[in-house]
Amino acid sequence: MLNNKSNMIIKVESDKTDQVIDITSQISDVVKNSKIGKGICYVYVPHTTAAVTINENADPDVKEDFLKGLGEIVPDNIPYKHSEGNSPAHIKASMIGAGEMIIVEDDQLLLGVWQGIYFCEFDGPRQRKVYVKVLEG
Ligand code: ZN
């Protein structure tokens, strides 16, 4: 299935319940190694309590505030029904989303100066996977 030059599975290990992990360099490596030149890079998180987003990677406080804000929007202390007890994580994962698409030019991700690709853990610590597909075009 995955794992050739244009299709890769990246492993991510979280060590907190809620955590933002910068995966930009791993995704950039997949894009470089694919040697497609121009195209699209699709990043997909195959989990129901994790997500992926693109945001500022310069100030580390942004990651903290991002999680703090989400925690205010989706509180832990309301009577959810889901027996697994991780409903806030499911809700946050759907709010942020499972995929991101980035334009590729000259084997490089066309990200803005301040942008990074974040894996978002909402039910860690866990071993996670991220699927990356690079399409020429
Ligand atoms: Zn659950």
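**Exercise 1. Helix α3**

Which are the buried residues of helix α3 (residues 87-96)? Work out what covers them as well.

*Solution.* Before starting, note that this is a predicted model, in which local features need pLDDT of at least 70, side-chain atom pairs count only at pLDDT 80 or more, and totals for chains, interfaces and linings use all residues. Residues are numbered from 1 along each chain as its sequence is written, and side-chain values use heavy atoms, with hydrogens and water left out.

Step 1. Fix the terms. Helices (H or I, at least four residues) and strands (E, at least two) are DSSP runs, numbered from the N terminus. Buried means under 20% relative accessible area, exposed over 50%, and partly exposed in between (1.4 Å probe, protein chains only).

Step 2. Go through the helix. Ser87, Pro88, Ala89, Lys92 and Ala93 are the buried residues of α3. It helps to recall that an α-helix has 3.6 residues a turn, so residues three or four places apart point the same way.

Step 3. Look for the cover. The elements over these buried residues include β4 (50-56) and α2 (61-73).

Step 4. Step off the end of the helix. Glycine 97, just after α3, has a positive phi of about 105°.

**Exercise 2. Salt bridges**

Find how many salt bridges the structure holds, and describe the partners of each by burial.

*Solution.* Step 1. Apply the cut-off: a side-chain nitrogen of Lys or Arg must lie within 4 Å of a carboxyl oxygen of Asp or Glu. This gives 3 salt bridges.

Step 2. Begin with aspartate 18 and lysine 92, whose closest N and O atoms are 3.1 Å apart. Aspartate 18 sits in the loop between β1 (7-13) and β2 (19-22) and lysine 92 in helix α3, so this pair ties together parts that are 74 residues apart in sequence. Aspartate 18 is partly exposed at 26%, whereas lysine 92 is buried at 5%.

Step 3. Turn to glutamate 121 and arginine 128, where the closest N and O atoms are 2.7 Å apart. Glutamate 121 is buried, with a relative accessible area of 0%, and arginine 128 is buried too, at 5%.

Step 4. Finish with arginine 126 and aspartate 123, which meet at 2.7 Å, N to O. Here arginine 126 is partly exposed at 33%, while aspartate 123 counts as buried at 16%.

**Exercise 3. The surroundings of arginine 128**

Describe where arginine 128 is found and what it is in contact with.

*Solution.* Step 1. Place the residue: arginine 128 belongs to strand β8 (residues 127-136).

Step 2. List its contacts (heavy atoms within 4.5 Å). With neighbours within four places in sequence left aside, arginine 128 is in contact with Ile10, Lys11, Val12, His47, Thr49, Ala50, Phe119, Glu121 and Asp123.

Step 3. Check one contact from that list. Lysine 11 is in strand β1 and counts as exposed at 70% relative accessibility. Its C-alpha atom is 6.4 Å from that of valine 130, which is 119 residues away along the chain.

**Exercise 4. The tyrosine rings**

Which residues do ring pairs link into a cluster? Say how the rings of tyrosine 42 and tyrosine 44 are arranged.

*Solution.* Step 1. Use the ring rule. Rings of Phe, Tyr and Trp (its six-membered ring) pair if their centres lie within 6.5 Å; planes under 30 degrees apart count as stacked, over 60 as edge-to-face and the rest as tilted.

Step 2. Count the pairs: the structure holds 2 aromatic pairs. Tyrosine 42 and tyrosine 44 form a stacked one, with 6.3 Å centre to centre and 20° between the planes. The linked cluster is Tyr42, Tyr44 and Tyr131.

Step 3. Check exposure. Tyrosine 42 is partly exposed at 32%, and tyrosine 44, in strand β3 (residues 39-44), is partly exposed at 33%.

**Exercise 5. A buried isoleucine**

Place isoleucine 27 and name the residues that it touches.

*Solution.* Step 1. Isoleucine 27 is in helix α1 (residues 24-34), and its relative accessible area of 0% makes it buried.

Step 2. Not counting residues up to four places away in sequence, isoleucine 27 touches Ile10, Cys41, Val43, Leu109, Ile117 and Val132.

Step 3. For a distance, take glycine 137, 110 residues apart from isoleucine 27 along the chain: their C-alpha atoms are separated by 18 Å.
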